[in-house]
Structures are given as structure tokens and as C-alpha cells.
Amino acid sequence: MPTDLYPTRQLCDFLARLKLEDVPAPVVARTQDLFLDWIASAIAGKDAPAIRRIQEFAAAMGPSTGDAEVFVDRRRTSPYFAALINGASSHVVEQDDVHNGSVLHPAAVVFPAVVAAAQAEGKTGADVLLASIAGYEAGIRIGEFMGRSHYRVFHTTGTVGTLAAAAAVAKLYGLDAEGINQALGSAGTQAAGLWEFLRDAADSKQLHTAKAAADGLQSAWLARAGFTGAKQILEGAQGMAAGMSSDANPAALTDGLGTRWATAETSFKFFASCRHTHPAADALKALMLREGLQADQIDAVTAHVHQGAIDVLGPVVNPVTIHQAKFSMGTVLGLVAVHAHAGLGEFEQHALQDPRIAAFCNRVSMALDDEINAAYPRQWIGRVTVRTTDGRTLEARVDVPKGDPDNTLSRPELEAKAVQLGAFRHGASEAEMRAIIARVWRLDREAHVNDWLPAAQ
């Protein structure tokens, strides 16, 4: 790889040359795992109010027929609008994947764009896997490049996710390094997503993934047509880092290309909530099991956290919607304490309705922990201190939360999760989900990626 090129172009050169046979078999297999986790999450978004509004927009502004599949209503439309809806629905139940070091949710932006484009282009499952790996590898490195300062104000999945989707679709289209570079330029100039929505329970987070997936696809399509974008949209004097980061690290863009497979570093979600809540939830669950504690025996809980958790979860003081409750440390720990889990059902049935959860929320606080903050974002450590009603002080710590690569979900666990996600709001029957699961496990041999669910009648 030429080393005299600017970092973005070095990344693009790598992506352009990448072949599926270059990727270690375990990474390809992990990409299939990630694909299953994504498509089940996308189906689970069915009937969520925010997704319905985006569907209405697509029906008003987009075609009523097309090559690309919309999972929540089983209809077909253009690739752009399918990516828009599927990108939104992938993220709404908060069960999609996350990469710790970049604090990026790659699946919700990469797969919707790639699958929609692939369905229109007649691409194979192997094509989709290669393009998706390219999107993950690019997006994760760009997220790490943008740094922790970016995440304080910007939702990285909305901003960086646009470039991840663009890189993925550009690879699917077979663009050369120059074309991929142009696609990233157009994607970067459209990148957006602000955290302010958390303060008033707005629906914006679904718009972040919707637009990232769709605009990434648009950027790649335009690059294929000859439309140009800024070549140094990331590291340029008036690029993304200049306007959206104070600690950008250009070396991250080329870190370990071809030897470090960031795709395989991606974590799955065990709880149906913001990933920042998971380490403390794991720690509290472990402590209660170890001590045989019940929720009513807990007088106070302190979750020791990194600064990113305070930045994202701190604004949520009194959650008023289920989605906002997924960003409340008190609600998540309350569900774990009272109901032993914080999954889809617990949030739907208890998060806002059970007075015991509201009472427990008032007993939870967050405290910045220097060790945990220093380890973040590479490592997300969970530590809680509990004061019991009989005056004891207890602690528990989890260094590797459930779902991280070193404590991952097995394929049977992923299959069970997928079936559960399909059943949520009756998005897909168990038989339909089992058929999807079987197909995903042979995705590298699939002749096409169309028709995952029967079309609406």
C-alpha cells in the first residue's frame, strides 16, 4: 500500500483491493452472525410509532413497487427507501450490535444499505458479505478516528454510519479506490446526528440510522455515476474532524488494515437497552445472584461508569417513553433487580408501568470512575456498589459484559434471540425466522439475497 497517500485514500485502496478470500473464515462466519442479529432486529421494528411515520413518508415520496424489500411491512420499493425504512427499524428496539472502540452500531447502517442495493443489482450472498465487511472495517476505523470528543455531541452511528454505508455499497458496486473515495466525500458532507433528542424523548435516533443507510447508498450510487466528493472529507482542513472532533487520530484510519479485522471485534446486545447500561446491569445481576438479594433489600446502587455513559444517559432523568427508558440507567437496573432481565418484554410490560421500577430508579446514581473511564472505549467495564437495607455495602465488577467478543452470544443464543425478535409485535413467525436462520448460515453460498419474507398480499 502506498504510504505517501493521505489516510483516507490508503483506506480506500485497501477496500478496493479486498477480496472475500482475503478475509479469515472466522471473520466471514462472524459477519453471518452479525447479519442474522441485524435482520431480526429490523423485523422487530414493526409497528413502532417512529417507524410507521418513516413508512408513511416513504409511501408518499417513494415508489410503491421496486426491487428492494422492506421488512416491517413486507412490501417492495426502491433501494433508497428500503434502506431508509430498514435502517430505522434496525435500531428502534435497541438490540442491534455495537463496536466498543468506535462506539458505532455498524449493522443498522451497513446491512440495510448493502441488502437494498444488492437486491436491485442481483448480487450474491458472498457479494453482500464482502461489501458488509468493507463497511464494517471502514466505519469502525472512521469512528475511532473521530475520537471520544465527537461522541459527546454527535451520535457516531448517524455521522460515521453514513460513511460506513457508503463504503459498503461502493464495494458492492465494484468501485475502484477513487470511486470509493468519492463516495466517502459525498457521505461525509451529509453526515449528521445529534444527541439532543434524548432530553425530550424525540424520535431522532431512528432518523439517524435511516438517513445514514440511505444517504450512504445514495453517495455510492452517485460516485458510480461520476459525481465527485471531497477526497479528504475526514482529515481535511474543513473536513469532518475539523468541525466535529478535537481529538481525531488519522492513524486510526489505517490501523491494522488486512491484519486486524475490526468486524470480529463487534459486540452483540444481551439487554434491550443502550449499550452504556449493559456493564452495570451485568454487574448488578451478578451481585444479586451471588448475594441472594431481592430488589426490596437494596437501598441504593451506584453505577461506576465512563464519561461517555454520563454524556448519553445523564440527560434522561424522568423517562416518558419506552425508547427513552432504554437510556435510563435507573430503569435498566430496576428491571434487572425486579424482573431479573431488561429484555424486550420487560421494557414493554414494566419499564413505565411497574411502580417498583420507578421507585428503584430513585435509588440509582452514576459516578465517574477513573479506571473505567481510562479503559473506555476499548473496554467497557461494569462495576456497581450496592448499599443494602440492613446496612451492608457490597460490590461487583464485570470486565467483559455479556455480548462482547470474549463473552459472546453463541449461535444457539443468536438463533433464540432472532426468534424472539421475530415474535416481537408479530413481525415474523417462528417458521419464517427458522427459514431465515438457515439461509443466513449458508449466506456465502446464496445465489441472491432477495425475498427474505413472503411479500405482502
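**Group meeting talk: a walk through the model**

Hello everyone, let's start at Pro 377, which sits in the loop between helix H17 (370–375) and strand E5 (382–388). Here helices (H or I, at least four residues) and strands (E, at least two) are DSSP runs, numbered from the N terminus. Pro 377 is joined to Tyr 376 by a cis peptide bond, with omega at about 5°.

A word on what you are looking at. This is a predicted model, in which local features need pLDDT of at least 70 and side-chain atom pairs count only at pLDDT 80 or more, while totals for chains, interfaces and linings use all residues. Residues are numbered from 1 along each chain as its sequence is written, and side-chain values use heavy atoms, leaving out hydrogens and water.

Back to the backbone. Most residues other than glycine have a negative phi, and most peptide bonds are trans. Which residues have a positive phi without being glycine? One of them is Ala 201, with phi of about 60°, in the loop between helix H8 (177–190) and helix H9 (204–224). Another is Ala 340, whose phi is near 70°; you will find Ala 340 in the loop between H14 and helix H15 (344–350).

Are these two alanines buried or partly exposed? Buried means under 20% relative accessible area, exposed over 50%, and partly exposed in between, using a 1.4 Å probe and protein chains only. Ala 201 has 18% relative accessibility, so Ala 201 counts as buried. Ala 340, at 44%, counts as partly exposed.

Now some helix packing. Axes are lines fitted to C-alpha atoms, for helices over the stretch in contact, and angles run from 0 to 180 degrees between N-to-C directions. Helix H2 (residues 25–44) appears in two of the pairs I'd like to show.

Take H2 with helix H19 (residues 430–441): their axes come within 9 Å and cross at roughly 155°. H2 and H19 are therefore roughly antiparallel. As for cut-offs, angles under 35 degrees count as roughly parallel, over 145 as roughly antiparallel, 65 to 115 as roughly perpendicular, and the rest as oblique. The crossing of H2 and H19 is right-handed; that word applies if the near helix is turned clockwise from the far one by less than a right angle, and left-handed if anticlockwise. Among the residues making this contact are Phe 35 and Ile 39 of H2, and Met 433 and Trp 441 of H19. Contact, by the way, means heavy atoms within 4.5 Å. The residues of the H2 and H19 contact divide into ten nonpolar, one polar and one charged. Ala, Val, Leu, Ile, Met, Phe, Trp, Tyr, Cys and Pro count as nonpolar, Asp, Glu, Lys and Arg as charged, and the others, Gly among them, as polar.

The axes of H2 and H18 come within 8 Å and cross at roughly 15°, so this pair is roughly parallel. H2 passes H18 in a left-handed crossing. The residues that meet include Asp 33 and Asp 37 in H2, and Arg 411 and Lys 417 in H18. By class, this contact has eight nonpolar, three polar and five charged residues.

Let's pause on Lys 417, in helix H18 (residues 411–423). With 8% relative accessibility, Lys 417 counts as buried. Leaving aside residues up to four places away in sequence, Lys 417 touches Asp 37, Gln 95, Lys 269 and Leu 409.

One more pair: helix H11 (residues 278–291) and helix H14 (residues 329–339) pack at about 30°, with their axes 10 Å apart. That makes H11 roughly parallel to H14, and their crossing is right-handed. Here Leu 284 and Met 288 are among the H11 residues, with Val 332 and Leu 333 among those of H14.

Next, Thr 209 in helix H9. At 0% relative accessibility, Thr 209 counts as buried. Beyond four places in sequence, Thr 209 touches Gly 87, Ala 88, His 91, Ala 108, Val 109 and Thr 157.

Finally, how many disulfides are there? A disulfide here is a pair of cysteine sulfur atoms within 2.5 Å, and the count comes to zero. Why does Cys 274 have no such bond? The closest cysteine sulfur, in Cys 361, is 15 Å from the sulfur of Cys 274, too far for a bond. Cys 274 is buried, because its relative accessibility is 5%, and Cys 12, at 0%, is buried as well. Thanks for listening!
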